[in-house]
Amino acid sequence: MTEAVLDKNKDLARQYRDILSPAGYLVAVKMLKSLQGFEGIKKPARPRTLCQLLSQTRYTGRTALVTAENLACYAAGPFLGLGVDLPESAAKRYVGWQYANDEASQKTLDAVPKFERNSYKGMLITPLERCAVTPDVVLFFGNIAQILVGMNAYLRNRGGTLNFDASHYGTCAYAIVPPMKNNLPTM
């Protein structure tokens, strides 16, 4: 963690804020192979879903050090490689109301992008302007006009298209895993 990285992240957050006028904070996510050096960062007082933790950072600017033990969601830890497995019955949760049968539900669950088990020990979630490390991913929440500005800016000198997958299963995984694995933005 260096002052130079913090200054760079503050400047990036200011630039994004000036251009995009986001509602809330840009959320920096750093996947951690070790928790060493992060001992002073508070963990959630009680387990929360990753969706809740990301939203708390977006809306209130909360910083959190998150491990599998802090996650109330059955899927976030396994998808993000935090050393836990999905319950065997995970796909069955959605049969009958979101999926017509076991096969459709399992096929969707299998398609969720994932890190290998034990890839990470935890994750740092913090507003970009307070992030003293280089984040792996920065999450921006915006309306369609703001998202289009971001897409157009990314493609301006590169050309081409942005391609991404989406599902209601593991939206946190879709927001974090593909950008890290592919070094490309996603939606």
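A helix here is a DSSP run of H or I with at least four residues, and helices are numbered from the N terminus. With that in hand, let's take a friendly look at this predicted model. Two features make up our tour: helix α5, which covers residues 144-155, and the largest pocket, to which α1 gives the most lining residues.

**Helix α5: its length and its start**
- Helix α5 has 12 residues and spans 16 Å from its first C-alpha to its last, close to the 16 Å expected at 1.5 Å a residue.
- Where α5 begins, N143 places a side-chain oxygen within 3.0 Å of the backbone nitrogen of A145.

**Helix α5: its two sides**
- Q146, I147 and L155 are the buried residues to look for in α5.
- Looking down the axis of α5, you would find its buried residues within an arc of 165°, so they line one face of the helix.
- Those buried residues of α5 pack against α1, which runs over residues 3-20.
- Turn to the other side of α5 and you meet N152 and A153, which are exposed.

**The largest pocket**
- The largest pocket holds about 1,500 Å³ of space.
- Its lining is made up of 45 residues, and V138, L139, F140, P185 and T186 lie nearest the centre of the pocket.
- The elements giving two or more residues to this lining are α1, α2 (50-60), β4 (137-139), α5 and α6 (171-182).
- Which element gives the most to the lining of the largest pocket? That is α1, with eight residues.

Definitions and conventions. Residues are numbered from 1 along each chain as its sequence is written. This is a predicted model: local features need pLDDT of at least 70, side-chain atom pairs count only at pLDDT 80 or more; totals for chains, interfaces and linings use all residues. Side-chain values use heavy atoms; hydrogens and water are left out. The expected span of a helix is 1.5 Å times one less than its number of residues. Buried means under 20% relative accessible area, exposed over 50%, partly exposed in between (1.4 Å probe, protein chains only). The arc is that of the directions from the helix axis to the C-beta atoms. Contact means heavy atoms within 4.5 Å. A polar contact is a pair of N or O atoms within 3.5 Å; within protein, one must be able to donate a hydrogen and the other to accept it, and residues adjacent in sequence count only if both atoms are side-chain atoms. On a 1 Å grid over the protein atoms alone, a cavity is a set of points where a 1.4 Å probe fits but cannot get out, and a pocket is an open set with protein on both sides within 12 Å along at least five of seven lines; lining residues have an atom within 4 Å of a point. Grid points are joined across faces, edges and corners, and a volume is the space filled by probe spheres set on the points.
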